[in-house]
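User: I have the sequence and the model open at my bench, and I would like to understand one part of it properly. Could you pick one spot, look at it closely, and then work outwards so that I can follow along on screen?

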Amino acid sequence: MNLEVKKQILEKIKEYDRIMIFRHIRNDGDCVGATKGLKRILQLSFPEKEIYLIDQDTAQYLEFMGPEDAPVADELYTDALGIVVDTASEARISNKNYKLCKELIKIDHHIPLETYGDLQWVEEDRAAACEMIVDFYNTFRDELKIDSEAATHLYTGLVTDSGRFKYDGVSGDTLRNAAILLDVGVDTQLLYARLYLEAFEYLKFKAYIYEKMQITENGVAYIYVDKAMQEKFNLTLEQASACVGTLDSIRGSICWMVFIDNNDAEGSIRVRLRSRFVHVNSIAEKYRGGGHACACGATVYGEDEMRSLLQDADALVKEYKETHEDWL
């Protein structure tokens, strides 16, 4: 799939002595795993090259994956190849020095919001950007090298973005790419412990969610994690955002979301939307966001916009249920 653009990307990598790797703001397992995995593959395959991954935006639950490179002078970007991974739009690229790179490559699996870069490899049907990096390695495995460190980074992103292989978008290729990583060597027991064990205090927060969650007339489940709730349970924004997974198993609810007070001067509220069967990305795009068909994010301002988004989602679910029978 997309063999020609992958060949062009490999040739560009060979052409440059210095490569800078970038990802999106508000880190998740996929963007961190894909960028760290790609960096390790390139270091092993081209030890003579300088490979940098510089990003000040970090996520606490992914700290076990190791630190980023220290900042370097802007001049080092100007004759470098930039590779942006897992980022649909330029506005979401975390390290803004990507603009200084001589050439730019985009590798992404989100629904395209805009075109940027000199080369674009986009496969929106992939379960994760990490899957694309594994596919890139496997396509050129006679020239590229991988080890258990790279495999663990990539497997981390693959399991987190696919919901441990249960989300829409998981295919036979997804599992075949996962198998490549397992064959290289991944300690899944240690990895799952790092990713999924939860503090006792956070479990009490999840219990509170089950008590306070609400559902619209047509089955949109939601919870508003306001400032008071964040303070009550001493939550980080990423912990508050992660609770969207708590609402994913309600029979009759094919769309669920969490609203998170960002506690900023603008009064913005982060929205994480998830669904099964019905596609909700059009709603996210209406409210300053985007992402995948059934997993995306948005931003609203104030409770009026929050109610408006809920009404739009409820209407979308109502229409889907009236015209389809393949939902539970």
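Analyst:

**Starting from Arg 18**

Not counting neighbours within four places in sequence, Arg 18 touches Glu 50, Tyr 52, Leu 76, Asp 79, Ala 80 and Leu 81. Please keep in mind as you look that this is a predicted model.

Arg 18 belongs to strand E1. You might wonder whether this arginine is buried or exposed. Its relative accessibility is 12%, so Arg 18 counts as buried, the cut-off being under 20%. Two polar partners can be picked out for its side chain. One is the side chain of Glu 50, with which Arg 18 makes a polar contact at 3.2 Å. The other is a piece of backbone: the oxygen of Leu 76 is 3.2 Å from a polar atom of the Arg 18 side chain.

**The sheet that holds it**

Now step back from the arginine to its strand. E1 covers residues 18-22 and runs parallel to E3, with 4 bridges joining the two. A handy place to see this pairing is Met 20, which faces Gly 82 across in E3. Packed on this sheet is helix H4, which touches E3, E4 and E5 and whose direction makes about 110° with that of E5. We will come back to that helix shortly.

The whole assembly is an open sheet of 5 parallel-paired strands, and its order is E2-E1-E3-E4-E5. At the edges are E2 (50-53) and E5, each of which pairs on one side only. On average, and ignoring direction, neighbouring strands here are turned by 15° against each other.

Continue across the sheet from E1 through E3. E3 spans residues 81-85 and pairs with E4 in the parallel sense over 5 bridges. Look for Leu 81 opposite Glu 103 of E4; Leu 81 is also among the contacts of Arg 18. On the far side, E4 is joined to E5 (residues 119-122) by 4 bridges, and these two strands run parallel. There, Asp 108 has Val 122 of E5 as its bridge partner.

**How well covered is E4?**

E4, residues 103-108, is mostly covered, with 6 of its 6 residues buried. In a regular strand, side chains alternate between the two faces of the sheet. In E4, Glu 103, Ile 105 and Ile 107 point one way, while Leu 104, Lys 106 and Asp 108 point the other way. Both sets are buried, and the charged residues Glu 103, Lys 106 and Asp 108 are included in them.

**Back to helix H4**

How many of the residues of H4 are buried? The count is 9 of 11 for this helix (residues 129-139), so H4 is largely enclosed by the rest of the structure. The buried stretch is made up of Ala 129, Cys 130, Glu 131, Met 132, Ile 133, Val 134, Asp 135, Phe 136 and Tyr 137.

Phe 136 leads us to the aromatic side chains, since the structure holds 9 aromatic pairs. The rings of Phe 136 and Phe 140 have centres 5.3 Å apart and planes at 70°, so this pair is edge-to-face, a label used for planes over 60 degrees apart. Phe 136 and Phe 140 are both buried.

**Further afield, for comparison**

While you have the model open, a few other rings are worth finding. Tyr 202, Phe 205, Tyr 208 and Phe 233 come together as one aromatic cluster. Two charges also sit over rings: the charged end of Arg 164 lies 3.7 Å from the ring centre of Tyr 196, and Lys 49 is over the face of Phe 46, 5.5 Å from its centre.

There is also another open sheet, made of 6 strands in the order E6-E7-E8-E9-E11-E10, and its pairing is mixed. E6 (214-215) and E10 (290-291) are its edges, each with a single partner strand, so one side of each has no neighbour in the sheet. Inside this sheet, E7 (residues 220-225) pairs with E8 (residues 255-261) in the parallel sense through 6 bridges, and Tyr 224 stands opposite Phe 259 of E8.

To finish with a contrast to our buried arginine, visit Glu 217 in the loop between E6 and E7. Glu 217 has a relative accessible area of 76% and is exposed.

Technical notes:
Residues numbered from 1 in each chain as written. Predicted model: local features only at pLDDT ≥ 70, side-chain atom pairs only at ≥ 80, totals over all residues. Heavy atoms only, no water. Phe/Tyr/Trp six-rings, centres within 6.5 Å; stacked < 30°, edge-to-face > 60°. Buried < 20%, exposed > 50% of the residue type's maximum accessible area, 1.4 Å probe, protein only. Lys NZ or Arg CZ within 6 Å of the ring centre and 35° of its normal. Pairing = 2+ DSSP bridges. Axes fitted to C-alpha atoms, helices over the stretch in contact; angles between N-to-C directions. Contact = heavy atoms within 4.5 Å. Polar contact = N/O pair within 3.5 Å; in protein donor to acceptor, adjacent residues only side chain to side chain.
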